[in-house]
Amino acid sequence: MTKGLSKSRYTAFCQCPKNLWLKMYKPDEATVATGVEARFESGNEVGDLAMGLFGSFVEVTVKREDGGLDLAAMVEKTKEEMERGTDAICEASFTFEKNYCAVDILRKTKSGWAIYEVKSSSFPEFDGQETRLEKYAPDIAYQKWVLEQCGIKVTDTYLVCLNSDYVRQGELDIQKLFAVIDMKELVENEYLKVPAQVSKALKVLRSEDEPDIDLSDHCMKPYGCAFFDYCKRQHGVPDDEPTIFDLYRMNFSKKLEHYHAGHILFEDVREEALSDKQQMQVECTLNHTERIDKKGIREFLDSLSYPLYFLDFETLQQPVPQYDGQRPYQQITFQYSLHIKRSADAPYEHLEFLAPNDGSDPRRSLAEQLCKDIPMNVCTLAYNKGFECGRIKELAGMYPDLAVHLLNIREHILDLLTPFQSGYYYVPAMHGSFSIKSVLPALFPDEPSLNYHNLDERCQNGGNAMTLFPRIQFMEPEEAKASREALLRYCELDTWAMVKVWEKLKEVVR
């Protein structure tokens, strides 16, 4: 099947022919986004669970000795199960002229077979909005085409996704966990295009000549392309100096307008109509200058008071709810770090909480400890406080006996992001981003102790923390201990980073 199509290859072509060609001939040029591994694992978990949606089933997955899929064996096994009259076949596999597809769930109907495509996305994304569903139609239409070329009558096509209105109570109810959406109309519209698209895609796949396709909306729709940086370089967009694609909060379509007009470098857009922050970014970058609004910074600092608590949470987002009262992808807070400065002359104290890795719901114990560690009516700092405030509000809703204290903490949280987002302090090295992961190295470029890459490789970012924590309960004791230590040191650096940023703000207004 080397030069044939699969579902992923077909949908890659539908987004952009060059995407398909690069996947085949230059895969190393792809930029792998953070969290891809975690999303892949989530997709597998959801897919495995969905197999039982219609009761008993037969999965036809067959693996070779090297761990790869034995496609020929899967196709043959699918044929046998269909002839046997099996009601639900999972990973049902078909080939037509070297074009392959595996149907997540193939279900027998009165007059044929129904395709069920399983995605780990959540239902509200699709609620009454066909434009949100359209991106899945090419995938399902291609499957229907392959099956019908094989002589299989496809009577229905469905999308199976998570219902994020579902709240787990007791045993997991997969009938309520999943939402099944009829894709018939969208798939029929897309199905008409499939034969021509397949023909064009095969020509691209079998050609050694790289397609010459310019940057366009398809670079980000329906998904961000992993080859975007590669294609930018090919079309004269340098990656060693700031360009229009680095501008703060400019939508992608607007960036493309500038690009197609030849306005690529900051110098090219200097006289264009930009927002105040975009103009600040451009001028500071071109002039190699910093912007320091001492009055604005001082007003922010004056709003703080001792004792001062620096707070950061770590959370996980599980597609399949594990605990009572949990929805799909709900943020579950399992850890926090707290640095405390009780007075101007007092040394810093550090407190931390990391829930046990025994599979139990971490939220109650975390909420109780948070109320012990942060008194009422004290000033607390978070970076991008909306996140911490949101989690505290959720905890207060879950635990009425702690609600007064938790909501008091929430009411007294101030945001260390404010002086940066307000444009009071900007240096070119921030590259138009005000996240702490951008601000910290910009303010402290030569401080190894503030470099997240110097942490244990097990946990160097929030994505690592999110995936590492639930895995620890299945580790050997020594590895589990090292992993917990990695989580603690990562979260500690988050609040110590806030401390150093706060100190820098005080320093620049002296």
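A disulfide is a pair of cysteine sulfur atoms within 2.5 Å. In this predicted model, the count by that rule comes to zero. Two cysteines illustrate the result. The sulfur of C371 has its closest cysteine sulfur in C389, 14 Å away, and is therefore too far for a bond. C371 is nevertheless covered, and counts as buried because its relative accessibility is 11%. For C101, the closest cysteine sulfur belongs to C150; the separation is 7.5 Å, so this pair too is too far apart for a bond. C101 also counts as buried, because its relative accessibility is 1%.

C371 leads to a further set of contacts. L406 touches C371, along with A367, L370, I392, L395 and A396, when residues up to four places away in sequence are not counted. L406 and L370 are both among the residues with the most contacts inside the largest nonpolar core. That core has 78 residues. L381, L416, F420, M430 and L487 also belong to the group with the most contacts inside it. Helix α20, spanning residues 477–508, gives the most to this core, contributing 13 residues. Apart from this core lies another, of 62 residues. Its members include A12, L20, M82 and C161.

A12 also appears in the analysis of helix α1. This helix covers residues 7–15, and its buried residues are K7, Y10, A12, F13 and Q15. The elements that cover these buried residues include both helices and strands. Among the helices are α2 (17–25), α6 (137–149) and α9 (194–205). The strands include β3 (99–108) and β4 (113–122).

Strand β9 was examined next. It runs through residues 331–341 and is mostly covered, with 11 of its 11 residues buried. Two pairings involve this strand. Strand β8 (residues 308–317) is joined to β9 by 10 bridges, and the two run antiparallel. Within this pairing, L308 has K341 of β9 as its bridge partner. Strand β10 (residues 349–354) is joined to β9 by six bridges, again in an antiparallel arrangement. Here Y336 stands opposite F353 of β10. In a regular strand, side chains alternate between the two faces of the sheet.

Note on methods: Residues are numbered from 1 along each chain as its sequence is written. This is a predicted model: local features need pLDDT of at least 70, side-chain atom pairs count only at pLDDT 80 or more; totals for chains, interfaces and linings use all residues. Side-chain values use heavy atoms; hydrogens and water are left out. Buried means under 20% relative accessible area, exposed over 50%, partly exposed in between (1.4 Å probe, protein chains only). Helices (H or I, at least four residues) and strands (E, at least two) are DSSP runs, numbered from the N terminus. Contact means heavy atoms within 4.5 Å. A nonpolar core is a set of buried Ala, Val, Leu, Ile, Met, Phe, Trp, Tyr and Cys residues joined through side-chain atoms within 4.5 Å. Two strands pair if DSSP finds at least two bridges between them.
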